[in-house]
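User: I have a structure open and would like to go through its aromatic rings and its pockets. Could we start with the rings?

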Amino acid sequence: MNLSYFYIIDIYLFKQIIKPYIIGVAIITVIMLSNFLFQLTDLIILKNIPVLRVIEVLLYQLPDIIVQTFPMAVLFAIMTGLGKLSRQNEFTALRMGGISVYRLIVPLIVFGLLISGFTFFLNEQVVPWSNHKANNIIRGSILSETAPNIRENVFFEGPQNRLFYVNEYKKEENILKDIIIYNTDSNSDFPQIITAKEGVIDNKKWVLNNGYIHDYDNDGYLNVESQFGKMEIEIAEDVKNFFGEQRTPSEMSREELKKEIDLFQDSGINVDSLLIEYHLKLAMAFTPLIFVLVGAPLSLVNKESRAMNIILIIITIFAYYLILSLSRSFAKNGMINPLLAAWIPNVFFTIIGIILLIFQDKWQNFVVNTLPNIFR
C-alpha cells in the first residue's frame, strides 16, 4: 500500500473522533460549570455577592474546567468514533485490507499526544493565572475584618517581604501546623528561615511555639541556628494584600511550585503533599493519551450496544480517578513515593491498554484469516 492510502485512512479516522470529542468537551464543561455554579450560590444568597461577580468567577474558572474535560472527552470520542466503525464492520474491512490494529491507532495516538501537549500548555501558562484570579475574587468576597481565612498548603506573601507557608490549619481551634516563614529582608543574600511545628492565631498575630531561626551567610551556609519558645508575628497589616498573594498549588506552574518545594526542603519540613501536586501536573497531562490506549481496544470489544460503550466509559473513568485518588492520599501520608504515586494510574492503564491492543490484534487476525478457512 502506498503512503497516500494510509494518509486517507488516517484522515478518515481522525474525522470520526474529532466531532464527538468537541461534543464531549462541550457537554462535560456545561455539567461541571453547573456543579460549580451550584457551589457558588452560597456567595450570592448568604454573602450578598453580586451575580456579575459570580459570573466573573465562572469565566476565570473556565480554563481549568475545560482542561479537566479533555481526558473524558477523548475517551468518549474514541469509544464513540471507533465503536461506530466497529458496528458498521468498517474496521473489519480495513483489517481485511491488510492494515494491523497497531497501524490503525497511529492517528489516534497522534491525536492523544496533541491533546496531552495542549493540556500541559494550558496547565502551565493559563490555568494557574485564571485560578488565582478566581480564587482572589472568592477570597475577597469572604474577607473578615480580623484574621484572614488561612488555608492548608497555601503560599502567600505577608508584611515586610516575608513568604509564609502553612501545611495544616485547624480552623476550629485556630491552630497552625508545620509553619515556614522566609524573611527576605535579612542582611544575607539568602533568606532567614523561621520554622515551627505549631502556632496559634491571635487576632492579627500568629504566635509560634518552640521553633527555630536559621540564618545563612552569603554563600548559603548555615551561620546561626537559634531556638525560641515563643514568637509573635504580625500577619494582617493589609488583609486585602494578604488575600491577593495567597497561592495554592493549583495557582502555580510546575516551575513556581518547584522553587517553593526546593526552599522548603532545606528547612526540614515534609513536602510530600506538595511533591505529589508537582508530579501530578505532568502526569495528568498524559491522561488523554492513556485514555486513547485504553479506549481504542475497548471500543472494538462490543459491536451491538452503544449503551455498553457508555458503561465502559464510566467504568474506565471511575477506575482511573479512584486509583489516582488512592495513590495521591498514600503519597500525602508518606506511605509511598510522591513521584511513584503520581504515575501509578498512568502506568497501570498503559499496561492494560497494551494488553487489550495485543488481544484485539490477535483476535482480529483470527477473525480475518482463520475463520474464513474454517467455514470453507
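User: Which residues form one aromatic cluster?

Analyst: In this predicted model, a single aromatic cluster is made up of F14, Y21, F70, F111 and F118.

User: And how many aromatic pairs does the structure hold?

Analyst: There are 10 aromatic pairs in the structure. In one of them, the ring centres of F70 and F118 are 5.9 Å apart and the planes meet at 25 degrees, so this pair is stacked; the limit for stacking is under 30 degrees.

User: Where in the chain do F70 and F118 sit?

Analyst: F70 belongs to helix α2 (residues 51–87) and F118 to helix α5 (residues 106–125). The two are 48 residues apart, and the pair links distant parts of the chain.

User: Is F70 buried or exposed?

Analyst: F70 is buried, with 5% relative accessible area. F118, at 42% relative accessibility, is partly exposed.

User: Changing topic: what lies over the face of Y278?

Analyst: That is R254, at 4.2 Å from the ring centre.

User: Now the pockets. How much space lies in the largest pocket?

Analyst: The largest pocket holds about 1,100 Å³ of space. It is lined by 31 residues, and those closest to its centre are D64, Q68, S250, E277 and R328.

User: Which element gives the most to that lining?

Analyst: Helix α2 does, with seven residues. Other elements that give two or more residues include α9 (272–283) and α11 (306–332).

User: How do the lining residues divide into nonpolar, polar and charged?

Analyst: The lining of the largest pocket has 12 nonpolar, 12 polar and seven charged residues.

Notes: Residues are numbered from 1 along each chain as its sequence is written. This is a predicted model: local features need pLDDT of at least 70, side-chain atom pairs count only at pLDDT 80 or more; totals for chains, interfaces and linings use all residues. Side-chain values use heavy atoms; hydrogens and water are left out. Rings of Phe, Tyr and Trp (its six-membered ring) pair if their centres lie within 6.5 Å; planes under 30 degrees apart count as stacked, over 60 as edge-to-face and the rest as tilted. Helices (H or I, at least four residues) and strands (E, at least two) are DSSP runs, numbered from the N terminus. Buried means under 20% relative accessible area, exposed over 50%, partly exposed in between (1.4 Å probe, protein chains only). A charge sits over a ring if NZ of Lys or CZ of Arg is within 6 Å of the ring centre and within 35 degrees of the ring normal. On a 1 Å grid over the protein atoms alone, a cavity is a set of points where a 1.4 Å probe fits but cannot get out, and a pocket is an open set with protein on both sides within 12 Å along at least five of seven lines; lining residues have an atom within 4 Å of a point. Grid points are joined across faces, edges and corners, and a volume is the space filled by probe spheres set on the points. Ala, Val, Leu, Ile, Met, Phe, Trp, Tyr, Cys and Pro count as nonpolar, Asp, Glu, Lys and Arg as charged, and the others, Gly among them, as polar.
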